[in-house]
Amino acid sequence: MIPKVDSEKCIGCGACVAIAGNTFKLNAEGKSEVVNPTGDTPEVIQQAVEGCPVGAITLE
Ligand code: SF4
């Protein structure tokens with residue numbers, strides 16, 4: 001499962017970066033980007049998906 005961030009929805013809160021910082025990083029626009037889809041364990045990435053307050057992260 002590959003995480004994807006919808007930058008239209010992302011509000012740049014940083015929660016996903018705090019949870020799975022090897023997978024997500026905030027870019028120059030302050031939006032989350034996937035830097036390594038397997039940077040964290042699937043369990044941790046799932047926590048980031050569930051922790052996103054606006055549902056911007058999907059697994060495909
Ligand atoms: S948790 Fe969601 S809203 Fe917050 S930075 Fe990550 S993708 Fe964006």
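**Questions on burial, contacts and the ligand shell**

Visitor: Why is Pro53 called exposed?
Guide: Pro53 has 9 other C-beta atoms within 10 Å. A residue is exposed if 12 or fewer other C-beta atoms lie within 10 Å of its own, buried if 20 or more do, and partly exposed in between, with C-beta atoms placed from the backbone. Pro53 is therefore exposed.

Visitor: What kind of model is this, and how are residues numbered?
Guide: This is a predicted model, in which local features need pLDDT of at least 70 and side-chain atom pairs count only at pLDDT 80 or more, while totals for chains, interfaces and linings use all residues. Residues are numbered from 1 along each chain as its sequence is written.

Visitor: Where is Pro53, and which residues does Pro53 contact beyond its neighbours within four places in sequence?
Guide: Pro53 is in the loop between helix H2 (42–51) and strand S4 (57–59). Helices (H or I, at least four residues) and strands (E, at least two) are DSSP runs, numbered from the N terminus. With those neighbours left aside, Pro53 is in contact with Cys13 and Ala15; contact means that the C-beta atoms, placed from the backbone, lie within 7 Å. Pro53 and Ala15 are 38 residues apart in sequence, with C-alpha atoms 8.4 Å apart.

Visitor: Why does Cys13 count as partly exposed?
Guide: Cys13 has 16 other C-beta atoms within 10 Å, which falls between the two limits, so Cys13 is partly exposed. Cys13 lies in the loop between S1 and helix H1 (15–19).

Visitor: How do you know that Met1 counts as exposed?
Guide: Met1 has 12 C-beta neighbours inside 10 Å, and the exposed class takes 12 or fewer, so Met1 counts as exposed. Met1 lies in the segment before strand S1 (3–5). Apart from neighbours within four places in sequence, Met1 is in contact with Pro42, Leu59 and Glu60.

Visitor: What makes Val44 partly exposed?
Guide: Val44 lies in helix H2. Val44 has 15 C-beta neighbours inside 10 Å, a value between the exposed and buried limits, so Val44 counts as partly exposed. Not counting residues up to four places away in sequence, Val44 touches Ile19 and Ala20.

Visitor: Which residues form the largest nonpolar core?
Guide: That core has nine residues: Cys10, Cys16, Ala20, Phe24, Ile45, Ala48, Cys52, Ala56 and Ile57. A nonpolar core is a set of buried Ala, Val, Leu, Ile, Met, Phe, Trp, Tyr and Cys residues joined through C-beta atoms within 7 Å. Cys52, one of the nine, touches Ala15, Cys16 and Ile57, not counting residues up to four places away in sequence.

Visitor: What makes up the shell around the ligand?
Guide: The ligand is surrounded by 13 residues, the closest being Cys10, Cys13, Ala15, Cys16 and Cys52. A residue is near a molecule or strand if its C-beta atom, placed from the backbone, lies within 6 Å of it. Of the shell residues, ten are nonpolar, three polar and none charged. Here Ala, Val, Leu, Ile, Met, Phe, Trp, Tyr, Cys and Pro count as nonpolar, Asp, Glu, Lys and Arg as charged, and the others, Gly among them, as polar.

Visitor: In what order do the two helices and four strands come? And why is the protein called as compact as a globular protein of that length?
Guide: The pattern along the sequence is β-α-β-β-α-β. The radius of gyration is 10 Å, close to the 10 Å that the globule rule gives for 60 residues, so the protein is as compact as a globular protein of that length. The radius is taken over C-alpha atoms, and the rule is 2.2 Å times the number of residues to the power 0.38.

Terms used
Contact = placed C-beta atoms within 7 Å.
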